[in-house]
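Trainee: I have a model open on my screen and would like to learn how to read it. Could you take me through a few features?

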Amino acid sequence: MPAFVRVIVDHSPDKEFDYAVPDVFREKIGIGSRVRLPFRERETLGTVVQALDESGWESPREILGVVGEHPAVRPRLLELARWMSDYYACPVEAAVRCVLPQVIRKGETGFRQQIAVALAHPISDDEMTALRRKAPRQAEVVQHLQKQKAPLLLTQLAAETASSEATIKALVEKGFAKTSIAIRPRDPFEGESFVESKPHELSEQQAKVLGMVDHTVLAESEKQPLLLHGVTGSGKTEIYLRAIQTALDHGKGAIVLVPEIALTPQTTERFRERFATAGHSVAVLHSHLSAGERHDEWQKIHSGTARIVIGARSAVFAPIENLGLIVVDEEHENSYKQEETPRYHARDVAVVRAKMENCAILLGSATPSLESYRNALAGKYKLLELKERIDDRKMPIIRVIDMRQESRKGAGILSGRLHTAIETRLEKREQTILFLNRRGFSTSLICSKCGHVCQCPNCSLPLTYHRSAARLICHICGHTEVAPGKCPECSDPGIRHVGAGTEKVEHVIGKVFPKAVVRRMDADAMTRKDAYRETLNAFRTGKIDILVGTQMIAKGLHFPNVTLVGIINADLALHLPDFRAGERTFQLLTQVAGRAGRGEIEGEVLVQSHTPFHPSIQFARQHDFDGFQEQELEFRDKCDYPPYTHMILIHARSPHEMRASFSAETLARRLREGLPDGTILGDPAPAPLERLKGFFRFHITLRSRQILKLSRHVRDTIAKLTFPEDVQVTVDVDPFSLL
Ligand code: ADP
Ligand code: ZN
């Protein structure tokens, strides 16, 4: 193999370096290999990106070692990393870090090693008789071992013979049994069993859609991305399952991306039930795995044992070979966007990966993002539709309640209508979901006398009062302090609690309906590892009457007995300084409403709002995606907002306000030089969250119809500038959060 290699050195983002390959490593090394190498004064790791017959360098240093038997990164994923670096204006090294999880990169974690036991030699009858007399327990273990064809795990042997490990050890010491090391992958689903799930007979509309998906999966020619717009409960998941089956039948693998928050046991089970029972290994990748589990899942994929991967954002980099299909469920979800460098969007990366590997890609949603929908309208994606719910189930009836009138009547957080509706459900023993996308008890504390608001000392945001902890907590930086009994400024005791969170809803509902079983599901209530699963199970089995929650309960849950969904405050997302505020509100209302009426009985949704006639709320009420997208796209086009342009958001932040602002000014001035034609460059301004975690933040926005040119211009301009040491500049291409 090569005499020299070009290497991306870990945590050295700026350059690639050439190294010489000593003869001993020539066989093992290849593109994508992880190598140990000398760098400056120390030894570190790097990734081989190119093989060279000669190097232009004076005298390259030598590689010290090669990690693993085979290259860890597939060349195609390296190519993907290069694209990310270009598009998202980030160092290649940062992008390569994405395609290789940390546990693999470091090469420290191996498979779990366990002790296995087998008989040391055939045991004669005489020996057996003697053993029975002296140590009957040990004899039983020997008998059990005689029946085995292969060594048994020590733990398993102990369990199956109901004996202690000491008994088994004694056998080893006497020379009857011997131990060996067994390598077993950890299984995140250990101890769980699955009921086999048979494919449903497809509805007519499903069959039509599946036909087109299958066609794309099997096509040899260049493939068009597919956008499946299917109302909630229309059976999109069945399409995913069938299309994956098609890929498997043709020897290809599949990746399914789901939003982190929807990665519930319920979702993964549906995939595992269908495939795991048919002998296919399904790997899962998400942020709650231990390092060991992550390592093993990744190895299962890399070695080809698992041909199906289901996971959150980062699973888009799963090293599946011969990929046939990528599914992105709930493609509009903002959790696909990574909020740290590299700030990639997994859906967009998936589309690019699919193109590079010529595999089919299927984006699915009940509320497609306007980015994807516009691509479909423009003919870049092919639009597939499921307009009806399965079994002709009706879409839930959505009623909007004018909270301005309710307030006049003296209602608190619960309108009269919603109150009555819950009451009726309790009588009929049907279940209710109450949704409020805000944690805590009250969202701010205000002094009625001097107007002082308790604010986070590090962020420009009021602190949220958490009643059970009796503390004020900042939801951005986590700062907490004891809740004051009187105004910290003027000592007036009349401090008021304003704005309700889920904790308050739970409290109020508990008081109003003392007999009902109420549970809360949000990040505060779900800190224990199994709390989420337990609560869902209790809800599914009818042990909970009313479930109160944040967006944690908005996605992908399927409970046939839920006939009422109450949205406590539909206006929360509407008033954010964000051009997507309307889109977010429409999506959230539609998704939450979709939790109702998934069984035999028709569902009802009550939406409480202070702006009941807002178009986003009205279109959601009428299940009118078409009306919504038409109006919203017109507005975006007129204002040059995405999806008609691409946006780049740059932040300069520093503990010193002047330096942050000065850096943003300088950067904006330099960006103006040689700015690609047709770019809209905004003036630097304080970010909506002006202070965050103790930093002052200034931002610059750029918009253009030609993103790659602009990305390069931004990256090159920043590379040429030096900022004061305490100033950090971040670049976000296609940003989701504008705060
Ligand atoms: P979506 O993802 O579009 O919201 P789901 O895939 O969750 O919808 O489907 C809703 C329900 O309908 C699920 O319980 C699913 O098992 C069931 N289902 C899907 N397809 C069929 C079918 N062809 N026949 C009967 N039931 C189906
Ligand atoms: Zn804070």
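Trainee: Which residues come nearest to ligand 1?

Mentor: Some ground rules before that. This is a predicted model, where local features need pLDDT of at least 70, side-chain atom pairs count only at pLDDT 80 or more, and totals for chains, interfaces and linings use all residues. Residues are numbered from 1 along each chain as its sequence is written, chains are lettered from A and ligands numbered from 1 in the order in which they are written, and side-chain values use heavy atoms, with hydrogens and water left out. A residue is near a molecule if one of its heavy atoms lies within 4 Å of it. Here 17 residues surround ligand 1, and H200, E201, Q206, G233 and K236 come nearest.

Trainee: How many nonpolar, polar and charged residues are in the shell around ligand 1?

Mentor: Asp, Glu, Lys and Arg count as charged; Ala, Val, Leu, Ile, Met, Phe, Trp, Tyr, Cys and Pro as nonpolar; the others, Gly among them, as polar. The shell has three nonpolar, nine polar and five charged residues. Helix α9 (residues 236-249) gives the most, three residues; helices (H or I, at least four residues) and strands (E, at least two) are DSSP runs, numbered from the N terminus.

Trainee: Which backbone atom of G235 lies 3.1 Å from an oxygen atom of ligand 1?

Mentor: A backbone N or O atom of G235 does, and a backbone N or O atom of T237 also lies 3.1 Å from a ligand oxygen. How much of ligand 1 is covered? Taken alone it exposes 560 Å², and the protein buries 82% of that (Shrake-Rupley method, 1.4 Å probe).

Trainee: How are the strands ordered in the open sheet of six strands?

Mentor: Strands of a sheet pair through backbone hydrogen bonds, either parallel or antiparallel. Two strands pair if DSSP finds at least two bridges between them. The order here is β5-β2-β1-β4-β3-β6, with mixed pairing. The edge strands, β5 (61-62) and β6 (65-67), each pair on one side only. Within the sheet, β3 (residues 34-39) and β4 (residues 42-52) run antiparallel, joined by six bridges; V35 has G46 in β4 as its bridge partner.

Trainee: Where is P342 found?

Mentor: Most residues other than glycine have a negative phi, and most peptide bonds are trans. P342 is in the loop between β14 (323-329) and α12 (346-357), and a cis peptide bond joins T341 to P342, with omega about -5 degrees. The P642 to P643 bond is cis too, with omega near 10 degrees. As for phi, H11 has a positive value of about 55 degrees although it is not a glycine; H11 lies in the loop between β1 (4-9) and β2 (16-20).

Methods:
Polar contact = N/O pair within 3.5 Å; in protein donor to acceptor, adjacent residues only side chain to side chain.
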